[in-house]
Amino acid sequence: MTIAVAPSILAADFSRLGELVRTVQDAGADRIHVDVMDGHFVPNLSMGPVVVKGLRPITSMPLEVHLMVERPNDFIPAFVSAGANSLIIHEESADDSLSIIRDIRARGVKVGLAIKPRTPIDVIVPYLNELDLVLCMTVEPGFGGQAFLPESIERILNIRKLIEQNNPTCELEVDGGIDARTAILAVKAGANVLVAGTAIFGAEDGPAAATRAMRDTCI
Ligand code: DX5
Ligand code: ZN
């Protein structure tokens with residue numbers, strides 16, 4: 001299974017954002033994870049389409065947008081025009097997830113569905129055939145720098161089973177508290193896309209070494 005590393009820019013120094021994105025790209029990162037928070041769905045504010053628009057010309061990596069917002073539908077056109085390559089919505093954020101998933105795909109970008117740590121994993125089943133990616137949150141969404149929830153391992157194992165049964169090409173991404181140690185556990189359980197913020201942009205030996213270390217330990 002191919003493993004992809006997706007640095008989360010939420011943990012980056014925003015005064016050096018372009019430079020840091022190029023650094024992780026050169027070190028072998030596969031995509032950039034953009035955390036969008038609205039202060040309602042989660043108790044924090046982060047960034048919007050302007051950040052995607054600003055990054056688009058300076059990197060060849062896909063930009064994936066993790067929408068931790070109420071009414072995700074309202075923001076889809078703006079992120080697509082800004083240059084997002086994939087949009088991930090939360091199952092808990094909308095009643096009409098299926099129509100939003102179809103709308104995202106119809107716009108020519110990839111589509112993912114995220115679930116929070118306390119959401120039963122079975123909720124993904126009706127959508128699985130139409131998804132490129134399932135995002136299993138391994139912390140409560142809202143803030144970077146939290147500890148990986150150990151109960152996530154069993155959830156990852158079981159989501160991997162559901163994916164194999166329903167749509168084996170669908171990716172399984174983990175997000176929250178992923179570092180060199182938890183990345184290995186998550187990959188062993190069946191994850192194939194690793195989001196990491198603090199472990200990459202907050203690394204003592206710098207984001208390039210941290211990106212390479214995560215790739216080397218997991219491949
Ligand atoms: C949390 C975000 C994560 C976060 C991960 O709500 O979805 O993407 O940036 O940060 P770390 O890797 O620091 O846990
Ligand atoms: Zn995220």
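Which residue in E5 is the bridge partner of leucine 87? The partner is valine 111. This is a predicted model, and that pair is a good place to enter it.

Leucine 87 belongs to strand E4, residues 86–90. E4 and E5 run parallel and are joined by 5 bridges. E4 is mostly covered, with 5 of its 5 residues buried. Its side chains split two ways. Ser86, Ile88 and His90 point one way from the strand. Leu87 and Ile89 point the other way. Both groups are buried.

Now step to the other neighbour of E4. Strand E3, residues 63–68, runs parallel to E4, and 4 bridges join the two. Here leucine 67 stands opposite isoleucine 89 of E4.

Go back to E5 and continue past it. Strand E5 covers residues 110–115 and pairs with strand E6, residues 133–137. The pairing is parallel again, over 4 bridges. Leucine 113 stands opposite valine 134 in E6. E5 is largely enclosed by the rest of the structure, because 5 of its 6 residues are buried.

These strands are part of a wider sheet. The sheet is open and has 8 strands, in the order E1-E8-E7-E6-E5-E4-E3-E2, with parallel pairing. Strand E1 (4–7) and strand E2 (32–37) are the edges, and each pairs on one side only. From one strand to the next, the twist averages 25 degrees. Strands of a sheet pair through backbone hydrogen bonds.

A helix lies against this sheet. Helix H5, residues 152–166, packs on the sheet and touches E6 and strand E7 (171–175). The direction of H5 makes about 165 degrees with that of E6. Cysteine 136 shows the local contacts. Leaving aside neighbours within four places in sequence, cysteine 136 is in contact with Ile115, Ser152, Arg155, Ile156, Ile159, Leu172 and Val174.

Cys136 also has a place in the largest nonpolar core, which has 65 residues. The residues with the most contacts inside that core are Val65, Leu87, Val134, Cys136 and Leu194. Leu87, the residue we began with, is thus among them.

Look next at the edge strand E2, which holds isoleucine 32. Is isoleucine 32 buried or exposed? Isoleucine 32 counts as buried because 23 other C-beta atoms lie within 10 Å, and the cut-off is 20 or more. Not counting residues up to four places away in sequence, isoleucine 32 touches Ala6, Pro7, Ile9, Val21, Leu55, Thr59, Met61 and Leu63. The C-alpha atoms of isoleucine 32 and valine 5 are separated by 8.4 Å, although the two residues are 27 residues apart along the chain.

Alanine 82 offers a contrast in burial. Alanine 82 lies in helix H3, residues 76–82. With 19 C-beta neighbours inside 10 Å, alanine 82 counts as partly exposed. Its contacts, leaving aside neighbours within four places in sequence, are Pro49, Val52, Lys53 and Arg56. Alanine 82 and valine 51 are 31 residues apart in sequence, yet 8.4 Å apart in space, C-alpha to C-alpha.

The last stop is ligand 1. How many residues surround ligand 1? There are 21, and the closest are Ser8, Pro141, Gly144, Gly197 and Thr198. Three elements give two or more residues to this shell: E2, strand E8 (193–196) and helix H7 (198–201). By class, the shell has 8 nonpolar, 11 polar and 2 charged residues.

Terms used: Residues are numbered from 1 along each chain as its sequence is written. Chains are lettered from A and ligands numbered from 1 in the order in which they are written. This is a predicted model: local features need pLDDT of at least 70, side-chain atom pairs count only at pLDDT 80 or more; totals for chains, interfaces and linings use all residues. Two strands pair if DSSP finds at least two bridges between them. Axes are lines fitted to C-alpha atoms, for helices over the stretch in contact, and angles run from 0 to 180 degrees between N-to-C directions. Two residues are in contact if their C-beta atoms, placed from the backbone, lie within 7 Å. A nonpolar core is a set of buried Ala, Val, Leu, Ile, Met, Phe, Trp, Tyr and Cys residues joined through C-beta atoms within 7 Å. A residue is buried if 20 or more other C-beta atoms lie within 10 Å of its own, exposed if 12 or fewer, and partly exposed in between; C-beta atoms are placed from the backbone. A residue is near a molecule or strand if its C-beta atom, placed from the backbone, lies within 6 Å of it. Ala, Val, Leu, Ile, Met, Phe, Trp, Tyr, Cys and Pro count as nonpolar, Asp, Glu, Lys and Arg as charged, and the others, Gly among them, as polar.
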